[in-house]
Amino acid sequence: MVVQGKNIIGFSLSATSEDFVTSFDPREARPLEKFYMATNEEIEETLQKASQAFGVYKHFSGSKKADFLEAIADEILALDDVLVQTAVKESGLPEARIIGERGRTVGQLRLFAQLLRDGSWVDATIETAQPDRQPLPKPDIRKMLVPVGPVVVFAASNFPLAFSTAGGDTASALAAGNPVIVKAHMSHLGTNELVARAIAQAAKNTGMPDGVFSSLNGRGSSLGQQLVMHPVVKSVGFTGSYSGGMALYKAAAQREEPIPVFAEMGSINPVVLLPGKLKASGRETARQYAGSITLGAGQFCTNPGLLLGIEGEELDIFLDELAKEIEAVVPATMLNEGIWKSYQNGRAKVLEQNGVTLLGAAAEQEGNHLGAAAVACVSGANFLNNPNLHEEVFGPFSLVVKCTDKEQLQQVIRSARGQLTSTIMAEPGELTEYKDVVREASNVAGRVLFNGVPTGVEVCHAMQHGGPFPSSTDSRFTSVGTDAIKRFVRPLALQGFPEEALPDELKNSNPLGIWRKVNGELTRDAI
Ligand code: NAP
């Protein structure tokens with residue numbers, strides 16, 4: 001398949017504008033292909049198609065939607081090396097990483113297909129009527145989750161496959177029964193087009209309505225805003241910067257009909273290094289963390305950007321080893337010019353703050369958009385007094401905060417705003433001694449790890465990838481794992497309906513054999 005630079009509007013490719021942008025190879029610093037921007041007419045056509053497709057798609061059975069998601073996975077794999085090489089070229093990420101990410105993308109589509117075939121995810125809840133109840137009869141009420149309508153997805157730069165065109169937002173929105181419109185990320189336009197065409201092909205092959213999926217090229221400030229403001233759109237999935245997420249969140253709240261924006265934004269992911277752990281395995285922990293800080297050139301929303309310890313010999317040994325490890329890391333190409341520049345600026349800004357000392361930095365090398373790793377340190381008091389040190393530096397950088405004691409450690413954790421993750425590195429016995437610290441770490445984050453690294457987010461039923469604001473706009477939801485589907489549904493209760501008019505999920509006979517809560521009891525039995 002050859003990249004054509006077009007918009008994917010349902011089953012059609014379209015490029016009616018003269019306005020284009022050029023994709024870019026950050027490693028070679030050279031332009032690649034032309035991509036035509038969506039015109040107002042193309043945007044309107046896409047939205048009308050999505051609206052019509054919703055009327056059909058929302059009624060499809062779980063198994064029919066599962067066929068569609070599995071076909072998307074197959075079509076993505078069929079793109080084979082063309083997709084891998086395009087993503088490598090556009091992102092600067094190594095081939096092995098892209099192949100791994102493709103596996104994750106395909107695996108996540110198949111996991112949602114399994115969820116749909118199982119069917120119990122709709123949370124069917126039934127209370128049967130009690131006509132003789134005194135003083136008033138109780139009506140028959142049956143509730144389940146139903147799709148909300150067309151969803152706009154803003155792809156992330158740092159996962160050109162797994163958080164992009166066919167990533168978790170798209171997979172969960174389609175699984176829920178909603179059409180999806182992807183605003184292509186400028187950082188991987190060719191990768192986006194290939195995957196979007198694979199989705200369109202899968203939709204055609206499995207009998208989905210035209211318009212169940214589209215992908216448009218355009219700038220966030222114009223196309224992105226226009227999509228979010230359009231009355232056809234009912235929800236938004238976003239991964240990226242705080243400023244981008246909040247701009248969309250505010251725009252959506254100001255619509256005549258406000259809609260939710262599920263934005264996953266920045267996080268510095270505090271890691272608490274307790275003294276017993278550092279004493280038992282300080283050097284090993286330093287090596288583990290040097291790997292996590294620099295993985296993927298630090299371009300992960302779960303990158304450990306803040307390491308917290310209590311002053312002492314154990315912490316000094318850890319820092320000495322961490323600095324040595326970081327100095328030895330070969331700089332890697334960053335995703336794009338903007339992210340590279342913002343890394344240079346963000347790192348420089350932290351290093352010039354009062355009391356900040358550079359502990360170690362990898363040597364700069366010849367090459368384009370290379371992000372050299374660094375670690376710095378600051379006292380607890382200086383950290384607490386300086387909000388500039390609380391901001392995310394997106395890249396291979398981490399700030400170590402040396403606290404005077406347990407109380408200051410707690411204060412520092414409390415001062416960190418909402419986070420995707422927090423981590424406790426401890427000997428098992430320390431969890432009791434430091435239980436208040438563990439409590440603070442749980443208060444600020446959506447996922448708390450014990451003796452691990454926050455990078456690497458498992459796609460599974462139990463995952464929570466979303467934390468208190470500002471890491472996400474709604475901490476009740478996750479953007480990774482099967483519960484991500486809950487962002488794009490609403491509960492619908494049907495009262496007093498006859499059996500034949502109920503959806504299969506709520507019929508007395510339970511023809512789908514799903515788990516339901518009937519009069520307060522979980523059961524798969526018929527009523
Ligand atoms: P971004 O700049 O927020 O862009 C993400 C998407 O949102 C792009 O499609 C962008 O479109 C669009 N967008 C941005 N501002 C918008 C606005 N005001 N209105 C409408 N749409 C808007 O994020 P990025 O390019 O992926 O990376 C930049 C920064 O985001 C990084 O430096 C990092 O701090 C952060 N980041 C965070 C995560 C995370 O997982 N939390 C992941 C990646 C990046 P255009 O590009 O066309 O403007």
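Let me start with Lys 349, which is partly exposed, with a relative accessible area of 34%. I should say at once that what we have in front of us is a predicted model, and my topic today is its salt bridges, of which the structure holds 25.

Lys 349 takes part in one of them: its partner is Glu 391, and the closest N and O atoms of the two are 3.7 Å apart. This pair joins distant parts of the chain, since Lys 349 sits in helix α11 (residues 337-351) while Glu 391 is found in the loop between α12 (380-384) and β18 (397-403), with their positions 42 residues apart. Glu 391, with a relative accessible area of 44%, is partly exposed.

Let me turn now to Arg 197, which forms a salt bridge with Glu 193, and here the closest N and O atoms are 2.6 Å apart. Both residues belong to helix α6 (residues 189-205), where they are four residues apart, or about one turn of the helix. If you ask whether Arg 197 and Glu 193 are buried or exposed, the answer is that both of them are buried.

The next pair is Arg 476 and Asp 474, whose closest N and O atoms are 2.7 Å apart in their salt bridge. Asp 474 has a relative accessible area of 18%, and because buried means under 20%, it counts as buried. Arg 476, on the other hand, reaches 65% relative accessibility, and since exposed means over 50%, it counts as exposed.

Finally, please look at Asp 67, Glu 70 and Arg 117, which are linked in a network of salt bridges.

Conventions
Residues numbered from 1 in each chain as written. Predicted model: local features only at pLDDT ≥ 70, side-chain atom pairs only at ≥ 80, totals over all residues. Heavy atoms only, no water. Salt bridge = Lys/Arg side-chain N within 4 Å of Asp/Glu carboxyl O. Helix = DSSP H or I, 4+ residues; strand = E, 2+ residues; numbered from the N terminus. Buried < 20%, exposed > 50% of the residue type's maximum accessible area, 1.4 Å probe, protein only.
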